[in-house]
Amino acid sequence: QGALDTPYKVSGYKDANGNYHDTAFRRKYQQGGVILFDEVDFSSPGALSEINSATSNGGASFPDGMIPRHKNCVVVCAANTWGMGGDAVYIGTARQNAASLDRFVTLEVNYDEALERHISQNDDWVSVVQACRKAAFDAGAQMVISPRASIKGAQLLRADVSRDLVVASLFGKYAKHSAYQTIFARAIRWASGRPAPRVNASEPAITEQTRRLMSVDFSRTQVR
């Protein structure tokens, strides 16, 4: 489920005939399963607050009555920010209510670069992308060089698009950045036919400690 702009996307509603229309959240809440609110930091804070009582208690009020929470209901939110509002990169995201943020344990999940390489099926190009990503991070540049660059670039290369055009089509949007020549030097060299740079193996996207934390069933710790 995507960003929430109205509480009805959480709780559902009754129409003029008294018929209840449920939501994905309601179904998972009652029947069990995982519900993911993706891009949740684009949500209206008022709409997101609709999940507050539902995630803190063993049941919640819906338009058709009180519904107990299924023991296997898991609520997950995904976002590009920490819910504190937008920045120069993630423009348009909203500052979320502290009470809503307090309902969740927050984990930072980095790009899984091994999976990125596996999906793209082009080691040469992926090494270029990952080298540029590291250079941007080291420079503190406000850029997003995601695995999409690897996947799309590999697709373009399989379609016999030239190297220089691949680089221009994926990184050209940053051409006016003051550090473009430095950050994308590896891509520029690669486009000219030079070997791709070596990239040291990155840390796992999810560390063992994070895996352990994610395995904790926090719903069992609630005071009922």
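On a 1 Å grid over the protein atoms alone, a pocket is an open set of points where a 1.4 Å probe fits, with protein on both sides within 12 Å along at least five of seven lines; its lining residues have an atom within 4 Å of a point. The model is predicted: local features need pLDDT of at least 70 and side-chain atom pairs pLDDT 80 or more, while totals for chains, interfaces and linings use all residues. Residues are numbered from 1 along each chain as its sequence is written, and side-chain values use heavy atoms, without hydrogens and water.

**Exercise 1.** Describe the second largest pocket and its lining.

Solution. Step 1: the volume, meaning the space filled by probe spheres set on grid points joined across faces, edges and corners, is about 170 Å³. Step 2: the lining consists of Val144, Ile145, Ser146, Arg148, Ala149, Lys152, Leu170, Phe171, Lys173 and Tyr174. Step 3: assign the lining to helices, which are DSSP runs of H or I with at least four residues, numbered from the N terminus (strands are runs of E, at least two). Helices α8 and α9 each supply at least two residues, and α8 has the largest share, three residues.

**Exercise 2.** Check the span of helix α7.

Solution. Step 1: the expected span is 1.5 Å times one less than the number of residues. Step 2: α7 covers residues 123-139, 17 residues, so 24 Å is expected. Step 3: the end C-alpha atoms are 24 Å apart, which agrees. Step 4: just after α7, Gly140 has a positive phi of about 70 degrees.

**Exercise 3.** Place Trp125 in the packing around α7.

Solution. Step 1: Trp125 is one of the buried residues of α7, where buried means under 20% relative accessible area (1.4 Å probe, protein chains only). Step 2: the buried residues of α7 pack against α6, α8, α9, α10 and α11. Step 3: beyond its neighbours within four places in sequence, Trp125 is in contact (heavy atoms within 4.5 Å) with residues including Ala149, Leu170, Phe171 and Trp190. Step 4: a nonpolar core is a set of buried Ala, Val, Leu, Ile, Met, Phe, Trp, Tyr and Cys residues joined through side-chain atoms within 4.5 Å. The largest has 21 residues, and Trp125, Phe171, Ile183 and Phe184 have the most contacts inside it. Helix α7 gives the most to this core, six residues.

**Exercise 4.** Is Thr23 buried or exposed?

Solution. Step 1: Thr23 sits in the loop between β2 and α2. Step 2: its relative accessible area is 9%, so Thr23 is buried. Step 3: its contacts beyond four places in sequence are Tyr8, Lys9, Val10, Ser11 and Gly12.

Key
Buried < 20%, exposed > 50% of the residue type's maximum accessible area, 1.4 Å probe, protein only.
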